[in-house]
Amino acid sequence: MKKTILFLTVLSLAASCSKKASAPTSDATAKVEKTIDGAAVFARSCARCHGAQGIKDQRTPNLQTIALDKAGLIQSITKGKGFMPAFEDKLETAEIAAVADLIVSWHK
Ligand code: HEC
């Protein structure tokens, strides 16, 4: 009897462990892909200087018409430019890419 209980305990422990090890990984991946919304990142990190639509005043370039492709945008956002801070420590690479995609989409 004791052995059976021990066996069951070990079994259920093993089951809960393997659940913990695998489930959150796939959940987290799905979440990251779904929640990176370039518009939300822009509103949170960029709009205070660039305006909600990428146009504010003469202190910041008009992002609706700026002549930079996605790679150029990623470079400037990641490393910063002039008075604009670098975002490499503030945003995930995927967030920077999402915001660059958003700006590119404005150019069309
Ligand atoms: C603190 C204010 C500030 C914030 C926050 C800010 N910017 Fe800027 N940004 C500037 C200024 C000022 C410039 C002009 C820099 C220059 O040319 O000297 C600029 C320039 C740029 C440029 C043009 C860079 C180039 O190479 O010519 C892009 C693209 C840009 N910002 C995108 C963004 C994005 C996307 C975000 C949010 C992730 C952001 N900025 C956040 C102030 C800001």
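**Core.** I started with the nonpolar core in this predicted model. The largest one has twelve residues: Val-41, Phe-42, Cys-46, Leu-63, Leu-73, Ile-77, Phe-87, Leu-91, Ile-96, Val-99, Ala-100 and Ile-103. Next I checked which helices feed this core: H2 (38-45), H4 (70-79) and H5 (93-106) each put in at least two residues. H5 contributes the most, with four.

**One core residue up close.** I picked Leu-91, a member of that core, and asked what it touches once neighbours within four places in sequence are set aside. I got Val-41, Ser-45 and Ile-96 as the contacts of Leu-91. Val-41 and Ile-96 are on the core list too.

**Overall fold.** Then I stepped back to the whole chain. I count five helices and zero strands, so to speak a plain α-α-α-α-α when read along the sequence. Of the 108 residues, 14% come out as buried. I also looked at contacts between residues at least 6 apart in sequence: 53% of them join residues at least 24 apart.

**Ligand.** Which residues come nearest to the ligand? From the 21 around it, I noted Cys-46, Cys-49, Ser-76, Gly-82 and Met-84. For the shell as a whole, I find that H3 (47-50) and H4 are the elements giving two or more residues. H4 therefore turns up twice in my notes, as it also supplies at least two residues of the core. Cys-46 is likewise on both lists, in the core and among the residues nearest the ligand. Sorting the shell by class, I have 13 nonpolar, five polar and three charged residues.

Key: Residues are numbered from 1 along each chain as its sequence is written. This is a predicted model: local features need pLDDT of at least 70, side-chain atom pairs count only at pLDDT 80 or more; totals for chains, interfaces and linings use all residues. A residue is buried if 20 or more other C-beta atoms lie within 10 Å of its own, exposed if 12 or fewer, and partly exposed in between; C-beta atoms are placed from the backbone. Two residues are in contact if their C-beta atoms, placed from the backbone, lie within 7 Å. A nonpolar core is a set of buried Ala, Val, Leu, Ile, Met, Phe, Trp, Tyr and Cys residues joined through C-beta atoms within 7 Å. A residue is near a molecule or strand if its C-beta atom, placed from the backbone, lies within 6 Å of it. Ala, Val, Leu, Ile, Met, Phe, Trp, Tyr, Cys and Pro count as nonpolar, Asp, Glu, Lys and Arg as charged, and the others, Gly among them, as polar.
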